Amino acid sequence: MKWQKLGKIFDPSDYILPEGCAEYAKSPQVIVFDNYVRIYFSAQKRTENGKFLSRPMFVDMNKSFDKVLRVSETSVLPLGSLGSFDEHGVFPFHVLSHGGNVIAYTTGWSRRISVSIDMSIGLAISRDGGLSFSKLGRGGPIMSASLNEPFLVGDAFVRYFEGQFHMWYIFGDRWCVNQKAGDNVAADRFYRIAHAVSPNGIDWERNSRYLIDTVSDDECQALPTVFFMDGRYHMYFCFRNAYDFRLNKDNAYRLAYAYSDDLITWVRADQQAGISLSDSGWDSEMMCYPHVVMCDDEIFMLYNGNEFGRYGFGIAKLAAST
């Protein structure tokens, strides 16, 4: 693969976002319409206690991804009620068109006492072209912690391949305290990418096995995006060290690549990713939360840069494949 970076295309600080959100545009996810694209993302609002709430919204752009046409006036999905799995935020907000509707697989966040958060996957549907979404059922998750996936189930990416729905997602297997960091430090989470299948997009069969090899014992993996090209399935995702990743550039998120011929066995090949940190600027310290989409017969990758998308998201175009 070889990607041509086209630069940052959306900065949340340039707009008045809904629901009091003023920072971040995390995990851009695209729906392609006839005359424009709609890019969903999660912006954040800082509460009185200093914590963030993540809310999903969208920006409409032309199909060249160089002109903003509209920014949503409200969040497209309300946060959950007291005690619910998505009480404290929704991020990421993954969308796909199916059966004439726009479907969203949401990752809901809820705060904990002994550790910082937990996550589960929810499902919502839009019947107005993606302007607003309603949760299915009574608003509970469709996938959450289970016997062999003890916590941190999230980051769903769904596609319909070979007659069934496929989901790539993450789950956590432990929380650990960095013994090198001294006393009174919070535990850090470990999670990696897994796979599930479904006949209907609601009921999922998961084998609770990690798919992608790691490059270190302390690696975390997140936000897979999968596409089919030239007779092969391709996956991009981001990875980081579990410890000291917020302030240490060397441990921060990078983009990684893997490929598969059967959706079951994946070969990690980061040297073929074709995209890496810039020498300077908004994506010179971190690249994360990739999303690959085809638009007018060209393949694009949207992604976040430094500080987990605080300064918005950019785009790259697939220039060639090998």
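## Strand pairing, a cavity and two residue environments

In the hairpin formed by β10 and β11, where 2 residues lie between the strands, Glu 162 adopts a positive phi near 50 degrees. Strands, like helices, are DSSP runs numbered from the N terminus, with at least two residues (E) for a strand and at least four (H or I) for a helix. The model is predicted: local features need pLDDT of at least 70, side-chain atom pairs count only at pLDDT 80 or more, and totals for chains, interfaces and linings use all residues. Residues are numbered from 1 along each chain as its sequence is written, and side-chain values use heavy atoms, with hydrogens and water left out.

### Strand pairing

Strands of a sheet pair through backbone hydrogen bonds, in either a parallel or an antiparallel sense. Here two strands are taken to pair if DSSP finds at least two bridges between them. One open sheet contains 4 strands in the order β6-β7-β8-β9, with antiparallel pairing. Its edge strands are β6 (90–98) and β9, each of which pairs on one side only. Another open sheet, also of 4 strands, follows the order β14-β15-β16-β17 and is antiparallel. In that sheet the edges are β14 (219–229) and β17 (267–268), each pairing on one side only.

The table lists strand pairs, all antiparallel, with their bridge counts and one pair of opposed residues for each.

| Strand pair | Bridges | Opposed residues |
|---|---|---|
| β7 (residues 101–111) and β8 | 10 bridges | Thr 106 and Gly 122 |
| β10 and β11 (residues 164–176) | 7 bridges | Arg 159 and His 166 |
| β16 (residues 254–260) and β17 | 2 bridges | Ala 258 and Arg 268 |

Strand β10 is mostly covered, with 9 of its 11 residues buried (under 20% relative accessible area; exposed is over 50% and partly exposed in between, for a 1.4 Å probe and protein chains only).

### The cavity

The structure holds 1 cavity of 30 Å³ or more. A cavity is a set of points, on a 1 Å grid over the protein atoms alone, where a 1.4 Å probe fits but cannot get out; lining residues have an atom within 4 Å of a point. About 40 Å³ of space lies in the largest cavity, the volume being the space filled by probe spheres set on the points, which are joined across faces, edges and corners. Its lining includes Leu 77, Phe 85, Asp 86, Lys 135 and Gly 139. Thr 106 and Gly 122, which stand opposite each other in the β7 and β8 pairing, also belong to the lining. Strand β8 (residues 117–126) supplies the largest share, 3 residues. The lining divides into 4 nonpolar, 4 polar and 2 charged residues, where Ala, Val, Leu, Ile, Met, Phe, Trp, Tyr, Cys and Pro count as nonpolar, Asp, Glu, Lys and Arg as charged, and the others, Gly among them, as polar.

### Ser 134 and Glu 149

Ser 134 lies in strand β9 (residues 134–135) and is partly exposed, at a relative accessible area of 44%. Beyond its neighbours within four places in sequence, Ser 134 is in contact (heavy atoms within 4.5 Å) with Leu 77, Leu 123, Ala 124 and Ile 125. Of these residues, Leu 77, Leu 123 and Ala 124 also line the largest cavity. The C-alpha atoms of Ser 134 and Ile 103, 31 residues apart along the chain, are separated by 9.7 Å.

Glu 149 is placed in the loop between β9 and β10 (151–161). Glu 149 counts as buried because its relative accessibility is 0%. The Glu 149 side chain makes a polar contact with that of Arg 206 at 2.5 Å. Such a contact is a pair of N or O atoms within 3.5 Å; within protein, one must be able to donate a hydrogen and the other to accept it, and residues adjacent in sequence count only if both atoms are side-chain atoms. Leaving aside neighbours within four places in sequence, Glu 149 is in contact with Tyr 169, Phe 171, Arg 206 and Ser 208.

How values were computed
On a 1 Å grid over the protein atoms alone, a cavity is a set of points where a 1.4 Å probe fits but cannot get out, and a pocket is an open set with protein on both sides within 12 Å along at least five of seven lines; lining residues have an atom within 4 Å of a point.
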